[in-house]
Structure formats: structure tokens, C-alpha cells
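Here are my notes on this model, as numbered points. Please read them with the structure open.

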Amino acid sequence: MKYRKKPVVIEAHQLTPNNIHWIELWCKGSIRGTRLPVEEQVVAIHTLEGEMHAEMGDYVIKGIKGEFYPCKPDIFRECYEPVE
């Protein structure tokens, strides 16, 4: 059998040096590592599958159950499109 993923609207933000602290607040304790120098900033995100890492330019996605997880920009562009 084949299945199609149901369309779901998600909230996501691309991680940048300018918004890293805002994303830390948005993730409500699910993210750490934001105090490193900008050139070393790889943040750890506590996900349902365990700890994952996001680099500058990656997207941080809030899932349908309120969980957070990282996504590489190329995968994000292939899987998601803006909604109004």
C-alpha cells in the first residue's frame, strides 16, 4: 500500500545569529547551547526521538504535538511551502 502524508500546517523559524535567543524562548526549554560564540553555535534540541542538533541556517519546527525538531534548509524547502 502507498500513503500520502496529510497536509498539516506547522510553525517554523530559520535559525540565525540574530534570532537564536528568541528561538530559545520559543522552544520553552527544549533547546540548549545558545550561549556559545556565534561561529560555534550548534544548538541541541530535545526531541521526541532524543537529542538532535541544529546549525545556523537550519529550521526549527514545532510539531503538531508541540514538540520541536531541526530540519536542514534543503529538506525544509522540499517538504514545506508558506501558507497565508
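1. Start with the pocket lining. The largest pocket is lined by 14 residues. Val8, Val9, Ile10, Cys79 and Tyr80 are the lining residues that lie nearest the centre of this pocket. Keep in mind that the model is predicted.

2. Next, volume and chemistry. The volume of the largest pocket is about 460 Å³. Sorted by class, its lining comprises ten nonpolar residues, three charged residues and one polar residue.

3. Now the sheets. One open sheet has three strands in the order S2-S3-S4, and the pairing is antiparallel. S2 and S4 are its edge strands, each pairing on one side only.

4. Take the S2 side of that sheet. Strand S2 covers residues 31–32, and strand S3 covers residues 42–47. The two run antiparallel and are joined by two bridges. For a register check, look at isoleucine 31: opposite this residue stands isoleucine 45 in S3.

5. Then the S4 side. Strand S4 spans residues 50–55. Six bridges pair S4 with S3, again in the antiparallel sense. Valine 42 has glutamate 55, in S4, as its bridge partner. What joins S3 to S4? The link is a hairpin, and the connection runs through two residues.

6. A second set of strands needs its own entry. Here an open sheet of three strands has the order S1-S5-S6, with antiparallel pairing. Its edge strands are S1 (11–14) and S6 (68–71), and each of them pairs on one side only. From one strand to the next, the twist averages 25°.

7. Within the S1-S5-S6 sheet, check the S5 and S6 pair. Strand S5 is made of residues 59–62. Four bridges join S5 to S6, and these strands run antiparallel. Which residue of S6 stands opposite tyrosine 59? That residue is cysteine 71.

8. A general point for viewing either sheet. Side chains in a regular strand alternate between the two faces of the sheet.

9. To recap for your own check. Confirm the strand orders S2-S3-S4 and S1-S5-S6. Then return to the largest pocket, with Val8, Val9, Ile10, Cys79 and Tyr80 nearest its centre, and compare your own volume with the figure of about 460 Å³.

Note on methods
Residues are numbered from 1 along each chain as its sequence is written. This is a predicted model: local features need pLDDT of at least 70, side-chain atom pairs count only at pLDDT 80 or more; totals for chains, interfaces and linings use all residues. Side-chain values use heavy atoms; hydrogens and water are left out. On a 1 Å grid over the protein atoms alone, a cavity is a set of points where a 1.4 Å probe fits but cannot get out, and a pocket is an open set with protein on both sides within 12 Å along at least five of seven lines; lining residues have an atom within 4 Å of a point. Grid points are joined across faces, edges and corners, and a volume is the space filled by probe spheres set on the points. Ala, Val, Leu, Ile, Met, Phe, Trp, Tyr, Cys and Pro count as nonpolar, Asp, Glu, Lys and Arg as charged, and the others, Gly among them, as polar. Two strands pair if DSSP finds at least two bridges between them. Axes are lines fitted to C-alpha atoms, for helices over the stretch in contact, and angles run from 0 to 180 degrees between N-to-C directions.
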